[in-house]
Every structure is written in C-alpha cells, then in structure tokens.
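Student: I am new to this structure and would like a close look at the metal site. Please then go on to the parts of the chain around it in your account.

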Amino acid sequence: MIVLSASRLYTPLEELQNALLFLEDGRISAISSRGSAAIPNHARLVDLGDSILAPAFLDLHMHGGAGLDVMRASRDELPRLGQWLATHGVAGYFATTVAAPLDSTCAALERLANLIEGKTAGDEAIAARPLGIHLEGPFLSHKRRGVHPPQYLVEPTLPVFERLWQAARGHVSMMTIAPEIPRALEVIAEAARRKVCVSIGHSDAVLAAARAGVKAGARHATHTFNAMRPLDHRDPGILGEVLTNTRLTADIIADGIHVAPEVVRLFLQAKGSDNAVLITDAISAAGMPDGTYQLGPIQVEVKDGKCTANGTLAGSVLTMDRAVRNVTQFAGWSLRDAVRAASLNPARAAGLGGHGRLEAGAQANIVVLSPSGQVRQTIVRGHGS
Ligand SMILES: [Zn+2]
C-alpha cells in the first residue's frame, strides 16, 4: 500500500485539506484528512508537500501530439503519444478523426480499435490510454467544415454510420455531427441509441434545427463558437441552444487563439461548472517546434503556436494542463472548478463511469499539481514515477 500525503485534494466536487490518499493494486482504497486516519505500518508514505491531488485529465477531442497523428501513427508509435500526454496530466483520451477518404478512415478506426482493446496488464508505462474514438466527421456542414476537406464530407446515412461503427468495432464513443444536414437526425438517433455521445458541431444550424438535433439524442456541443453559425441576437442559431440549454454539456478550446479570453469567460458563465468541458483539439504539432505537420490528410502550418491550413485554424498545440490554467486566468475560475472541467465533466459528458474523480474504488488516475496548476507528476492506473 502507498499513501500519498498532500496539502489539498480535489475530488473534484469537494476539496480536502491535508489530504491522504491510499493506493492499493492500482486503485484508490481510501481518501481522508491527516489526523482522521491511521497509516498502516506496512504502507509507504509519500509526502508531496504543498502539492494538490486531483483526478487526472480526460481529453475528448485529441488528434495527436509529440509529432504523432492518431489517424496515421502505427500501433507501436501511439504509446509514445500516451506518454507525452501523461506529462501534461492526461490519463485518458478519445482519439479523434478528421474527414478523410472512407477507406483510410476505416483503416485508421481498425488500428485505433486494436489499440483500445490492446493488452494493458503488466504495462508499467505511465501513459494516457485511448478510451474511445471521437468521429469528427464525416457528417459535417460544408459551410462550417473548417479545414475538413470538402471532398471527404459525407451525407449522413445509417449504412455509412454502420460501416464506421463496424470498422471501429463499436469503439465510437463520440461523434460530432451537423444536425441540420439531410438525414442527420436519423443517424443522431441511432448513434445515441448505441450510447455514443452525440455532439452538435461544425454546423450552420438555426435554432430550430439545433433543437431538433438535441431532441433526436445529441447531448453535447463541439468546440463551441468554432466552426459554428455565429451568434446573432435576433437569430441565435445553434449557439442560442448550446449556451442556454442546461441539459447540454459543451466543450471549448481555451487556448486564447480559437476563442478570445472574454468569450471563453462568457462560455464558462453560460455553461457553469456543471456543464463546461475543456478540450485541446491538439494535433501532432503539440509539444513540437513550429513547422509543417499532418492532421489526417491535411497539411498544417504551425507558427507561433497557431495551426493553420490555407489560412483557416486547424486544431491546436494546446495541452490540457495549460487549458486548465488558462481558465483560471481568463475567467477567474478556481483551480478546482477548472480541474473539474478537465476531469469529471468530460467523464460525465462522455459516459465514462469511474473516470474523472478521486474516490474509494476508482482506478488510480491522478495528477499531482503545484499550487499554481503546473503538473508535477501523473499517476495512471496506479503507476507513477
Ligand atoms: Zn478537431
């Protein structure tokens, strides 16, 4: 048994001072405050000083990092991506696709399914795990496609969805779809029936069409404000629904580039600490120097931390720990609420039960933070340095 001692702990719904966290066989066996629990003689006590213990982060929208692209990297390369993510506090992610030729998308989905199902017992590496696949496309609006190549966008049909589902062997955990395109509602309903977290985005929907998508089963929104019909005070469109429906969770890229800090603040006020989710939308260039990188089939130029393809924003080089710190600066949120938007909230949004919180019985996925939110250590399934 290992006992971690830290100045604070975020569950993240509650905050404990002078915390003790008991680890056994890769799981959290108990949490308490110093003084209220005895430390068994056989236990190893690790004093983390003024550190904060928090649930490790989950990134629901992640295309790559450390030079690796999730659609292109081989099975042997991808664990290196997981190791890099862990250095930024991430324990789990959804490998996120972009619109590409259907055959190559299906090949990528098969590789990712292998990785998700891959044996992990005895794997001592401290690496974030792919927990599912996020299909960002191909069912997107031509008008709001961002950098997704127009020739690879597909009209939603149940047979195409079924083909993607089969290639991924059911590991499609999330799907971004524009609700206003013909027959999208049918596919939304079927995906929701299969417990996919259906997320409206890359969309030019007017308010009624967005609401129809939610009624059909969508329950989340993808990179709010980006690749969305803009908010108009007399014609609120999809953003009117995303920002006001309290049953809808929504995510945002809080890098200060995709959305101005003041608008990140507006988003956080609208969604609140219950429903706001942080994502990175990171691409292979994350953690790498400026240069030319691939995002699926798309070539991306990275300069001064800004990723573009033909002048359009193309993902980010944001890391989850920076997104958390940005939220404390942009919106004055407490570190605990910011951590919640990167852990418990994505777990709830995506139906990842048992993830995103520190509690007895949970898998030991823990980030050790400095008081200012810098990552000091990440523990994944009980393994930490
Ligand atoms: Zn993306």
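Tutor: His61 and Glu136 are both buried in this predicted model. Both residues coordinate the zinc ion, His61 through NE2 and Glu136 through OE. The pair links distant parts of the chain: His61 belongs to strand β6 (residues 57–62) and Glu136 to strand β10 (residues 129–136), 75 residues apart. His63 (NE2) and Asp281 (OD) also coordinate the zinc ion, and the four are at 2.0 to 2.3 Å. Along the chain, the donors follow the spacing H-x1-H-x72-E-x144-D. The angles among the 4 donor atoms run from 86 to 170°, and the site is irregular. Four donors count as tetrahedral if all angles lie between 85 and 135 degrees, and the upper value here is 170°.

Other parts of the chain can be described in turn, beginning with an aromatic pair. The count of such pairs comes to 1. The pair is Phe161 with Trp165, and it is classed as tilted because the ring centres are 5.9 Å apart and the planes are at 40°. Phe161 and Trp165 both lie in helix α3 (residues 158–167), where they are 4 residues apart, about one turn of the helix. Phe161 has 1% relative accessibility and therefore counts as buried. Trp165, at 15% relative accessibility, also counts as buried, since the cut-off is under 20%. The ring of Trp165 has a further partner: the charged end of Arg194 sits over this ring, 5.1 Å from its centre.

Next comes helix α6 and a loop residue that touches it. Helix α6 covers residues 237–244, and 7 of its 8 residues are buried. The buried residues are Gly237, Ile238, Leu239, Gly240, Glu241, Val242 and Leu243. They pack against several elements, namely β12 (197–200), α5 (207–216), β13 (220–221), β14 (249–253) and α7 (261–275). Met228 is found in the loop between β13 and α6. With 4% relative accessibility, Met228 counts as buried. Leaving out residues up to four places away in sequence, Met228 touches Ile238, Leu239 and Val242, and also Arg144, Ile200, Ser203, Ala221 and Thr222. Ile238, Leu239 and Val242 are among the buried residues of α6. Met228 and Gly201 are 27 residues apart in sequence, while their C-alpha atoms are 6.4 Å apart in space.

The last part is a hairpin. Strand β20 (residues 366–369) pairs with strand β21 (residues 375–379) in the antiparallel sense, over 4 bridges. One bridge joins Val368 to Gln377, its partner in β21. The hairpin has 5 residues between the strands, and Gly373 takes a positive phi near 90°. Ser370 is also found in the loop between β20 and β21. At 6% relative accessibility, Ser370 counts as buried. Apart from its neighbours within four places in sequence, Ser370 is in contact with Ile52, Leu335 and Arg376. Arg376 falls within the residue range of β21, 375–379.

Terms used: Residues are numbered from 1 along each chain as its sequence is written. This is a predicted model: local features need pLDDT of at least 70, side-chain atom pairs count only at pLDDT 80 or more; totals for chains, interfaces and linings use all residues. Side-chain values use heavy atoms; hydrogens and water are left out. Buried means under 20% relative accessible area, exposed over 50%, partly exposed in between (1.4 Å probe, protein chains only). Helices (H or I, at least four residues) and strands (E, at least two) are DSSP runs, numbered from the N terminus. Contact means heavy atoms within 4.5 Å. Two strands pair if DSSP finds at least two bridges between them. Donors are N, O and S atoms within 2.8 Å of the metal (3.2 Å for Na, K and Ca); water is not among the atoms, so sites may look incomplete. Four donors count as tetrahedral if all angles lie between 85 and 135 degrees; four count as square planar and six as octahedral if opposite donors are over 155 degrees apart and all others between 65 and 115; anything else is irregular. Rings of Phe, Tyr and Trp (its six-membered ring) pair if their centres lie within 6.5 Å; planes under 30 degrees apart count as stacked, over 60 as edge-to-face and the rest as tilted. A charge sits over a ring if NZ of Lys or CZ of Arg is within 6 Å of the ring centre and within 35 degrees of the ring normal.
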